[in-house]
Amino acid sequence: MACCRIAPFDLLARLEREGTEAQQVAARRALAGTLPLRVTRLDPALAPPALATTAKRTVHDVAHGGASALPGRLVWSEGDAPVADDAVNEAAQGAGDTWTFYEQVLGRDSIDGHGQTIVSCVHYERDFDNAFWDGAEMVYGDGSGELFVVGALTKAIDVIGHELTHGVTQNTAGLAYSKQPGALNEHFSDVFGSLVKQYTQGQSAAQADWLIGAGTLVPSLGRALRSMSAPGTAYDGDEQPAHMDGYRDLPDDADPANDNGGVHINSGIPNHAFYLAATAIGGNAWEAAGHVWYEALTTRLQADSLFADAARETIAIAGERYSSTEQDAVAQAWSAVGVTT
Amino acid sequence: MKVTVVRGAGLTGMVRRSELDAAELPAGEQEALLGLLEHAGLAAAQGAAPSPAHADEMAYEIQVEGAGEPIIARFAESSLPDGSRALMAWVAEHPATRSRLAPPGH
């Protein structure tokens, strides 16, 4: 499988003439410069064996070992052919899509901004219901079939983008993973995780589903992990607030029930603000809104930043980089979720 | 004796709580549970603060009641002893275990 490469002009032109109907549509859009065309979506017979990419990735197999077994055995490196293990190919694909998004949309050279190889480790533990960035690499469980669908975590491009963005945050604002700064940390991961998906799939803000991890939970639990358009509606029992009136001030006391001080609860508030701003501005969310949020994350915020800091800085950046239309949209979005500067 | 396993945080923040009452187990399984408890490293972890969490890392708690002093041991994914993981898996998967899933904060 050729991962996440931008198709060259001659291939696009050929697809526009000779491809399936879907390929012709995709090729026309790519030729128009509106979005990259992902070779992996194409008929393998039409895809060239090797296209240039700047991504640097490896995938390791932890073979059901635990933390002491990380990163596991190297099973795939950049430029290798696909292997027989879907999880390996999918982890490489997701890392490449995320690399491409950050490079092409935001001009960022990998997670650390300096071309860091993205290391992905699959088959962590047994029946493990989680995927996480451990500060140096991506770690994926297979899922148990009780919480996550088996094999779903390496397929979810927004989850992969979310996790890798934790690495970007670690290298930039360094938001503490606790209480309100921790909820902002989660928020930026949801924003850029969703934008990786929207960019990769060529969806405008109006077309996007604004869900995080759609289809990863077993269906009886719900449709997704979080909803940015309607926080609190992603799964049965979802309590994410969309407004400061519903803010939950939980302790950060290492009790696993308290989620590092509610970082996955209160992120619903800034998540909804981003959704409101992006849809009010219109077009592609990764353009104005995404750039404003990225600049705030990478140049303005710090470890102890709060929602009000994020609001103040994104409003300021929107005014500095865009027009009063964008600035008003961002200001109104934060106001609508009850965050005042 | 009751053993409670709490698995939380992670990329969802959801909380899975699994409770097993050893009194409901046949004698052989009670012995198996005691063996797992013996090798779980709970005494060393009792009262100790887990290492700071990585983003979306799992967080765990194991409680033991009704066998001497109550035990509450907490672990981050990166510092979870193999014995504790084995105990949690055994409890979580046992047919007599009562489990519930809740959103973060519960």
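Leaving aside its neighbours within four places in sequence, with which residues is T97(B) in contact? In this predicted model, the partners of T97(B) beyond that window are S18(B), E19(B), L20(B), V91(B) and A92(B). T97(B) itself sits in the loop between α3 and β5 (98-102) of chain B, and because 17 C-beta neighbours fall inside 10 Å, T97(B) counts as partly exposed. Elsewhere in chain B, Q46(B) lies 51 residues from T97(B) along the chain, and the C-alpha atoms of the two are separated by 23 Å.

From this loop one can turn to the interface, where 30 residues of chain B are in contact with 30 residues of chain A. On the side of chain B that touches chain A, at least two residues each come from β1 (2-9), β2 (13-21), β3 (58-65) and α3 (82-93) of chain B. Sorted by class, that side of chain B has 14 nonpolar, 8 polar and 8 charged residues.

Chain A offers a pair of packed helices to examine. Two packed helices are described by the angle between their axes and the distance between the axes. For helix α9 (residues 307-321) and helix α10 (residues 324-336) of chain A, the angle is about 165° and the axes are 7 Å apart; since angles over 145 degrees count as roughly antiparallel, α9(A) is therefore roughly antiparallel to α10(A). The crossing in which α9(A) passes α10(A) is right-handed. From α9(A), the residues A311(A), T314(A), I315(A), A318(A) and G319(A) meet E326(A), Q327(A), V330(A), A331(A) and W334(A) in α10(A), and the residues of this contact divide into 6 nonpolar, 3 polar and 1 charged.

How values were computed. Residues are numbered from 1 along each chain as its sequence is written. Chains are lettered from A and ligands numbered from 1 in the order in which they are written. This is a predicted model: local features need pLDDT of at least 70, side-chain atom pairs count only at pLDDT 80 or more; totals for chains, interfaces and linings use all residues. Two residues are in contact if their C-beta atoms, placed from the backbone, lie within 7 Å. Helices (H or I, at least four residues) and strands (E, at least two) are DSSP runs, numbered from the N terminus. Ala, Val, Leu, Ile, Met, Phe, Trp, Tyr, Cys and Pro count as nonpolar, Asp, Glu, Lys and Arg as charged, and the others, Gly among them, as polar. A residue is buried if 20 or more other C-beta atoms lie within 10 Å of its own, exposed if 12 or fewer, and partly exposed in between; C-beta atoms are placed from the backbone. Axes are lines fitted to C-alpha atoms, for helices over the stretch in contact, and angles run from 0 to 180 degrees between N-to-C directions. Angles under 35 degrees count as roughly parallel, over 145 as roughly antiparallel, 65 to 115 as roughly perpendicular and the rest as oblique. A crossing is left-handed if the near helix is turned anticlockwise from the far one by less than a right angle, and right-handed if clockwise.
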